[in-house]
Amino acid sequence: MLLKDKLEIILITYNRKSFLEKTFNQIFSDDSPIKNLNITVLDNKSTDGTSQFIDEYTKNFPNVKHIIHNRNIGGNGNIARAFEIASAEYLWILCDDDDFDWSNWQQIETAINNDYDVIFTEISNFKHFTNIASIMRGATFVPATIYKTELITDDVMQNAMVNNVNLFPHLAVMCYAVNENKKIFIPDKGIINIGNRTKGAMESGFYTSKKENTHPYARDMFLVVGFVNSIQMIKDKKKRAYILNHMSAKKTGFFREISANFKRNRFFYNNSFKNICDVFCGISCWQKIQFVFALIWLDILYFVKKFLLRKNK
C-alpha cells in the first residue's frame, strides 16, 4: 500500500500567513516526501490573508483541502477537530510554524509500514527517550507524533475535547496508547523542529484565550497545571508519579520544578486557587508534601521581597 493511502496530514492555522508561507515552502519542496499526501488545512477563520494564501495553493495542489471554520474554535479546539475528522490509517497533525529535515524520513515510513501505533517525529528537545516521562514530555509538542487513528476511540475523542481547557487535547491519545501498552517508535533523528512558539501565537488563541470574557478556569490555566491534569488520564498511579517526578529533562526533581513554575501562578495567573487544588489532587502523597512546602517557600520569598522593596523606598 502506498504511503498516500496510509498517512494523512492535517495542518492547523490561524492568522499566521508569514509563518505558513515558510512551512508550505518546506512541505511542497522538491525533496519533501509528504508533498503528494492528502493534506487538509484547518483554518480558524483567519483574518490576515492566511485563507487567501491557502486558496492559492489549492489551485496548484489538488491534494490540498482547505476547511475554514465558521468561528474561531481556538488552537486546542482545532487539534481536537483534526482528531475528529481523521480518516486515514495514520494521522500527523502539523502546525504552521515549524522547520523540517527530511533526511531521516525513511525511518518514519518504515515504522508506518511496520504497524507502529505511535511514531515520534521530533526528539531534539528531549534527547533521552529512555522512559515514560521523556515520552510524555515529548508528546506535548503536537507535531512530534504520528498516531494510528484506531487509537482515537469515542472515549479518547471525548477526553480530548474535555482536555482542551488543560492545553493538551492530544495527550488524550498518548495516554490511551500508554494505558494499552501500544507500540511506540523512537527514531534515531527527528524530522521536525519546534518553530516559533511566540507570545503572539499564544495571544491569537493557539493555546488558550486570555481575553476578558474567557472562563476563568481557562484564562488562568498554564502549562504545568495542564500537564498535571492531563496525566490523570494515565491509569497507573506509579507511572503518573514517575512522570511528574521527571517533568523536566534537566532532572531538577519535583520540588524545584513545581516551585519554579508556580511563581507564575501568583504573578501571572491571579494566584488561582483552582490551579493549586488541581495540582494537589493530581499528585502522589509524597509529592503533595513537597508541593505544600513549595507553596510555603514561594510565599516566604514573596513577602520577603515585598518587605525589602518597601524598605528601600
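The paragraphs below go through a predicted model of one protein chain, from its overall build to a few single residues.

The protein chain is made up of 14 helices and nine strands. Its radius of gyration is 20 Å, close to the 20 Å that the globule rule gives for 313 residues, so the chain is as compact as a globular protein of that length. Measured out along the principal axes, the C-alpha trace spans about 65 × 40 × 35 Å. Of the 313 residues, 52% count as buried. Among contacts with a separation of 6 or more, 78% are between residues 24 or more positions apart.

The surface and the charges can be taken together. The accessible surface of the protein chain is about 15700 Å², and carbon and sulfur atoms contribute 53% of that area. The chain carries 40 positive and 32 negative side chains, and 11 Å separates the centres of the two sets.

Serine 103 is a place to start on single residues. This serine sits in the loop that runs from strand S5 (99–100) to helix H4 (105–113). Serine 103 is exposed, because its relative accessible area of 53% is over the 50% cut-off. Its side chain takes part in two of the polar contacts described here: with the side chain of aspartate 101 at 2.9 Å, and with the side chain of lysine 189 at 2.7 Å. Glutamate 150 gives a distance across the model: 47 residues separate it from serine 103 in sequence, and the two C-alpha atoms are 28 Å apart in space.

Further along the chain is leucine 167, in the loop between helix H6 (154–162) and H7. Leucine 167 is not a glycine, yet its phi is positive, at about 75°. This leucine counts as buried because its relative accessibility, 4%, is under 20%.

Helix H7 itself covers residues 171–179 and is mostly covered, with seven of its nine residues buried. The buried residues of H7 are Leu171, Ala172, Val173, Met174, Cys175, Ala177 and Val178. After H7 comes asparagine 181, which has a positive phi near 55°.

The next stop is helix H12 (residues 254–267), which contains asparagine 261. Is asparagine 261 buried or exposed? Its relative accessibility is 7%, and because this is under 20% the residue counts as buried. The side chain of asparagine 261 reaches back to the backbone oxygen of glutamate 257, at 2.9 Å. Once neighbours within four places in sequence are left aside, asparagine 261 is in contact with Phe222 and Val224.

Beyond H12, the loop that leads to helix H13 (273–281) holds asparagine 271. The phi of asparagine 271 is positive, near 50°, in a residue other than glycine. Asparagine 271 counts as partly exposed, because its relative accessibility of 35% falls between the 20% and 50% cut-offs.

Technical notes: Residues numbered from 1 in each chain as written. Predicted model: local features only at pLDDT ≥ 70, side-chain atom pairs only at ≥ 80, totals over all residues. Heavy atoms only, no water. Helix = DSSP H or I, 4+ residues; strand = E, 2+ residues; numbered from the N terminus. Buried < 20%, exposed > 50% of the residue type's maximum accessible area, 1.4 Å probe, protein only. Polar contact = N/O pair within 3.5 Å; in protein donor to acceptor, adjacent residues only side chain to side chain. Contact = heavy atoms within 4.5 Å. Rg over C-alpha atoms; globule rule 2.2 N^0.38 Å. Areas by Shrake-Rupley, 256 points an atom, 1.4 Å probe, with all protein chains shown as cover. Lys, Arg positive; Asp, Glu negative; His and termini not counted. Charge placed at Lys NZ, Arg CZ, Asp CG, Glu CD.
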